[in-house]
Amino acid sequence: MDSAKNSLRGCLIRWIRTQHRLSLDNLARDTGMNTSILCDMELGRRGISDKNIQSILKSVNVDFTLVDDWSVSSLIETIQLYFKNFYYMNFSLNIAIEEQYKKLSSENYGCLDDRCFYLLLLGCFITVSYESVVSRTGWEDPELDTKLQLLQTVDSHFPAPLDSISKLVCLLHAVEQCDFKKAHSLIRQIQTDYSDPLSSQVTNLVKYLDLKLANLEGDPSRAYRLIPLIRNDLARDKNYRRMFNLDKAEAVYLMTIGNYTQAEQNLRNLQAGLKSLHLTIHRYSILDNRIWCTLVTRRYEECLDLIEQCESEYSVPSSSNTVFKAYCQYRLDREADHKLQEEELLAFRKQCTEDKTAQKIVDVLFELVKGRKKTFFSKCFSFINQLIRQQNYPLAEFFIQAGFDEAESQNQFEIMYQFKKLHQTVEGK
């Protein structure tokens with residue numbers, strides 16, 4: 001504890017000094033201390049007494065409050081507990097810790113003590129853990145990037161395993177921001193063998209994030225190779241909630257390679273498992289993926305049943321696969337519903353003003369439902385080429401299929417051939 005305490009105090013002196021744009025010589029002159037001694041203190045090579053830290057910071061008009069070692073140890077244990085709850089996805093158990101953090105931050109506002117960098121770590125962890133949540137709960141922080149940069153300058157000075165937890169927090173943010181270069185760099189830094197059991201959970205979570213990274217980078221084969229390795233680690237820790245997420249990732253991989261039958265069977269099994277795990281947060285995602293599986297395998301009646309279930313149970317976002325409801329009705333040749341299909345597409349378009357891809361889907365399908373075949377084919381070809389450029393191959397493949405089916409029903413062999421050529425292009429990617 002003493003070495004970590006001295007290192008963090010040294011980091012604090014260096015941070016405050018640079019904030020005030022002072023050289024070591026300036027600080028030595030203001031404090032009456034030797035420059036080489038101050039340098040050793042900043043680098044953690046020399047112990048920093050309570051009197052020294054207070055004297056040094058007082059010279060730049062910064063107050064340093066003394067707290068007992070128990071207060072520091074208690075905060076370290078709190079951070080470890082917050083991580084453990086996060087690892088096991090027991091997010092409700094962290095609410096009390098988040099409230100405790102708010103209280104501590106309020107009490108220490110404008111003051112510094114030996115807990116300041118630990119509070120920085122906990123605050124960044126809380127904010128980042130809410131980053132991917134659609135409905136944020138007051139943890140937005142416009143200074144997050146600046147705080148994370150500071151955190152990275154001190155993380156190696158934390159006692160283990162907080163040093164790796166600190167890097168993990170930065171990794172979580174990098175993955176969420178799709179900063180792939182930084183994420184891979186942090187993964188390499190964290191992948192160290194610690195004897196501390198909590199640190200092994202950190203490395204397990206890093207592998208889990210590497211899987212998410214592989215999916216974001218469009219590398220499903222790497223993602224699939226990681227799945228059994230991660231599953232073994234999570235099973236050893238009895239981390240069933242994250243194992244559930246892993247099974248969902250495997251289903252998504254099966255969809256990516258076109259094995260929709262097996263993917264849907266996996267999704268059905270996951271849906272059944274929800275009843276015992278109470279992971280209601282995942283119900284919509286599984287249902288939405290099942291809609292896609294039935295859609296691309298042309299099981300339109302089943303697809304409509306799933307869409308109806310989804311619409312009745314959830315407030316669906318613009319990215320929802322329920323956008324294909326009118327298309328399924330069209331394929332089932334429900335002519336009496338054509339007017340309703342048009343109205344549904346127009347209503348969906350109003351809902352997705354911020355989602356350009358969803359708007360394009362609606363625009364193309366509207367021409368089809370409206371019976372304007374020539375315009376449909378033109379817009380369909382344009383949209384497919386745009387999707388290929390964006391590397392959105394699953395959606396491109398669907399519209400190739402939709403266009404081919406329509407051309408086939410009209411005996412337009414030249415257009416069928418054009419869609420077939422596009423299919424070969426996507427297949428080669």
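# Reading a predicted model, from one cysteine to the empty spaces

Me: Let's start with one residue. In which helix is C170 found?

Reply: C170 sits in helix α9, which covers residues 162-176. Keep in mind as we go that this is a predicted model.

Me: Is C170 buried or exposed, and how do I decide?

Reply: Look at the relative accessible area: under 20% is called buried, and over 50% is called exposed. C170 has a relative accessible area of 3%, so C170 is buried.

Me: Which residues does C170 touch, leaving out those up to four places away in sequence?

Reply: With those sequence neighbours set aside, C170 touches L148, L151, Q152 and L186. You can also ask about a residue that is distant along the chain: K51 is 119 residues from C170, and the C-alpha atoms of the two are separated by 34 Å.

Me: Now the backbone. Where is there a cis peptide bond?

Reply: Look at the omega angle. The bond joining A160 and P161 is cis, with omega at about 0 degrees. P161 is in the loop between α8 and α9.

Me: What about phi? Which value does R21 have?

Reply: R21 is not a glycine, yet its phi is positive, at about 55 degrees. You will find R21 in the loop between α1 and α2. Its relative accessibility is 77%, so R21 counts as exposed. Q391 is another non-glycine residue with a positive phi, here about 65 degrees. Q391 lies in the loop between α20 and α21, and because its relative accessibility is 56%, Q391 counts as exposed.

Me: How do I describe two helices that pack, such as α5 and α6?

Reply: Give the angle, the distance and the hand, then the residues that meet. For α5 and α6 the angle is about 145 degrees, and their axes are 11 Å apart. Their crossing is left-handed. From α5 come L75, T78, L81, Y82 and N85, which meet I97, E98, Q100 and L104 of α6. By class, this contact has five nonpolar, three polar and one charged residues.

Me: How can I see empty space in a model?

Reply: Rolling a probe the size of a water molecule over the atoms reveals where empty space is left. In this structure, a search of the whole model finds one cavity of 30 Å³ or more. The largest cavity has a volume of about 100 Å³. Twelve residues line the largest cavity, and K5, L8, R9, D114 and Y118 are the closest to its centre.

Me: Which helix gives the most to that cavity's lining?

Reply: That is α1, with four residues. At least two lining residues come from each of α1, α5 and α7. By class, the lining has seven nonpolar, no polar and five charged residues.

Me: And how much space lies in the second largest pocket?

Reply: About 900 Å³. Of the 31 residues that line the second largest pocket, W15, L112, C116, L120 and K147 are the closest to its centre. The helices α1, α6, α7 and α8 each supply at least two residues of this lining, and α7 gives the most, with seven. The lining of the second largest pocket divides into 15 nonpolar, 10 polar and six charged residues.

Notes. Residues numbered from 1 in each chain as written. Predicted model: local features only at pLDDT ≥ 70, side-chain atom pairs only at ≥ 80, totals over all residues. Heavy atoms only, no water. 1 Å grid on protein atoms, 1.4 Å probe; cavity = no way out; pocket = protein on both sides within 12 Å on 5 of 7 lines; lining within 4 Å. Points joined across faces, edges and corners; volume = space filled by probe spheres on them. Nonpolar A, V, L, I, M, F, W, Y, C, P; charged D, E, K, R; others polar. Axes fitted to C-alpha atoms, helices over the stretch in contact; angles between N-to-C directions. Left-handed = near helix turned anticlockwise from the far one by under 90°. Contact = heavy atoms within 4.5 Å. Buried < 20%, exposed > 50% of the residue type's maximum accessible area, 1.4 Å probe, protein only.
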